[in-house]
Amino acid sequence: MYLVEARSFPHPYPLELFISFQTLYPKFFLVADCSGTIAGYVVGVKEMGSTGHIISLAVHPSYRGKGLGSVLLRELEERMVREGVKRIKLEVSVSNRAAISLYRSRGYRVVNVVPNYYPDGSDAYVMVKELRS
Ligand SMILES: CC(C)(COP(=O)(O)OP(=O)(O)OC[C@H]1O[C@@H](n2cnc3c(N)ncnc32)[C@H](O)[C@@H]1OP(=O)(O)O)[C@@H](O)C(=O)NCCC(=O)NCCS
């Protein structure tokens, strides 16, 4: 699974942090299994109150454009609703057109820009979706 992370981001999370997400938030760590191959994953956390936070979402390059990202996101949202989450937020690079388009299509909207969010100094949008239970 870490291969998907490593192939998807210029600055992947360290393996140890990735494993700790899986240990700490198993309910919100979902994996797309395509005939035994791990094709993608999404990981989220529930923060104080009723806000969910998407930490990471990635689909292996060979499996992109087939709807997997949308399926993972929808499933995570449904699980978060069941756990009392009312809104989900995330950060995405302002230059990540594919991800921004995916999030927009799922009802997320840009609420803020965080300058220098990434290690290379690039900026991030904060996007938010209000969930209906
Ligand atoms: C972003 C990512 C998860 C999308 O996964 P995916 O499985 O290819 O996405 P889907 O096939 O479910 O596409 C859903 C929607 O996303 C948008 N989208 C996906 N790929 C796109 C692309 N290359 N260009 C523009 N829009 C794109 C489209 O709106 C698409 O809907 P449509 O098929 O009806 O046009 C994938 O490109 C990825 O892993 N990227 C690298 C990691 C990353 O950037 N993660 C997000 C971090 S915040």
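Here a biologist and a modeller talk through a predicted model and the reasons behind the words used for it.

Biologist: Let's start with the sheet. What makes E1 and E5 the edge strands?

Modeller: Six strands form an open sheet, in the order E1-E2-E3-E4-E6-E5, with mixed pairing. E1 and E5 each pair on one side only, and that makes them the edge strands. From one strand to the next, the twist averages 25°.

Biologist: How do you know that E1 and E2 pair?

Modeller: Two strands count as paired if there are at least two bridges between them. Strand E1 (residues 29-34) and strand E2 (residues 37-46) are joined by six bridges, so they pass that test, and they run antiparallel. You can follow the match residue by residue: Phe29 stands opposite Val43 in E2, and Asp33 stands opposite Ile38 in E2.

Biologist: And what makes E2 and E3 a pair?

Modeller: The same test applies. E2 and E3 share seven bridges against a required two, so they pair, again in the antiparallel sense. Val42, for instance, stands opposite Leu57 in E3.

Biologist: What lies between the strands of these hairpins?

Modeller: The hairpin of E1 and E2 has two residues between its strands. In the hairpin of E2 and E3 there are four residues between the strands, and Gly49 in that turn has a positive phi of about 75°.

Biologist: Which residue of the loop between E1 and E2 has a positive phi without being a glycine?

Modeller: That is Ser35, in the loop between E1 and E2. Its phi is near 50°, a positive value in a residue other than glycine. Asn116, in the loop between E5 and E6, is also not a glycine and has a positive phi of about 55°.

Biologist: Why is Ser35 called exposed?

Modeller: A residue is exposed if 12 or fewer other C-beta atoms lie within 10 Å of its own. Ser35 has 5 such neighbours, so it counts as exposed. Asn116 has 10 other C-beta atoms within 10 Å, so it is exposed as well.

Biologist: Why is Val113 called exposed, then?

Modeller: Val113 lies in strand E5 (residues 109-114). It has 12 other C-beta atoms within 10 Å, and the rule says 12 or fewer, so Val113 is exposed. Even so, Val113 touches Val94, Asp123 and Tyr125, leaving out residues up to four places away in sequence. As for Val128, 15 residues apart from Val113 along the chain, their C-alpha atoms are separated by 12 Å.

Biologist: Now the inside. What makes a set of residues a nonpolar core, and which residues have the most contacts inside the largest one?

Modeller: Such a core is made of buried residues of nonpolar kinds, joined through C-beta atoms within 7 Å. The largest core here has 25 residues, and those with the most contacts inside it are Tyr41, Val42, Leu57, Leu72, Leu76, Leu90 and Met127. E1, E2, E3, H3, E4 and E6 each supply at least two of its residues. The largest share, five residues, comes from H3.

Biologist: Which residues is Val42 in contact with?

Modeller: Leaving aside neighbours within four places in sequence, Val42 is in contact with Leu30, Ile54, Leu57, Leu72, Leu73 and Leu76.

Biologist: Where does helix H4 lie?

Modeller: H4 lies across strand E4 (87-93) and strand E6 (124-130), and it runs at about 160° to E4.

Biologist: Last topic, the ligand. What makes a residue part of the shell around the ligand, and how many are there?

Modeller: A C-beta atom within 6 Å of the ligand is what counts. There are 20 residues around the ligand, the closest being Arg64, Gly69, Ala98, Ser101 and Leu102. Strand E3 (51-59), helix H3 (68-82) and helix H4 (97-105) each supply at least two shell residues. H4 gives the most, with six.

Biologist: How many residues of each class does that shell have?

Modeller: The shell has nine nonpolar, eight polar and three charged residues.

Methods
Residues are numbered from 1 along each chain as its sequence is written. This is a predicted model: local features need pLDDT of at least 70, side-chain atom pairs count only at pLDDT 80 or more; totals for chains, interfaces and linings use all residues. Ala, Val, Leu, Ile, Met, Phe, Trp, Tyr, Cys and Pro count as nonpolar, Asp, Glu, Lys and Arg as charged, and the others, Gly among them, as polar. A residue is buried if 20 or more other C-beta atoms lie within 10 Å of its own, exposed if 12 or fewer, and partly exposed in between; C-beta atoms are placed from the backbone. Two residues are in contact if their C-beta atoms, placed from the backbone, lie within 7 Å. Axes are lines fitted to C-alpha atoms, for helices over the stretch in contact, and angles run from 0 to 180 degrees between N-to-C directions.
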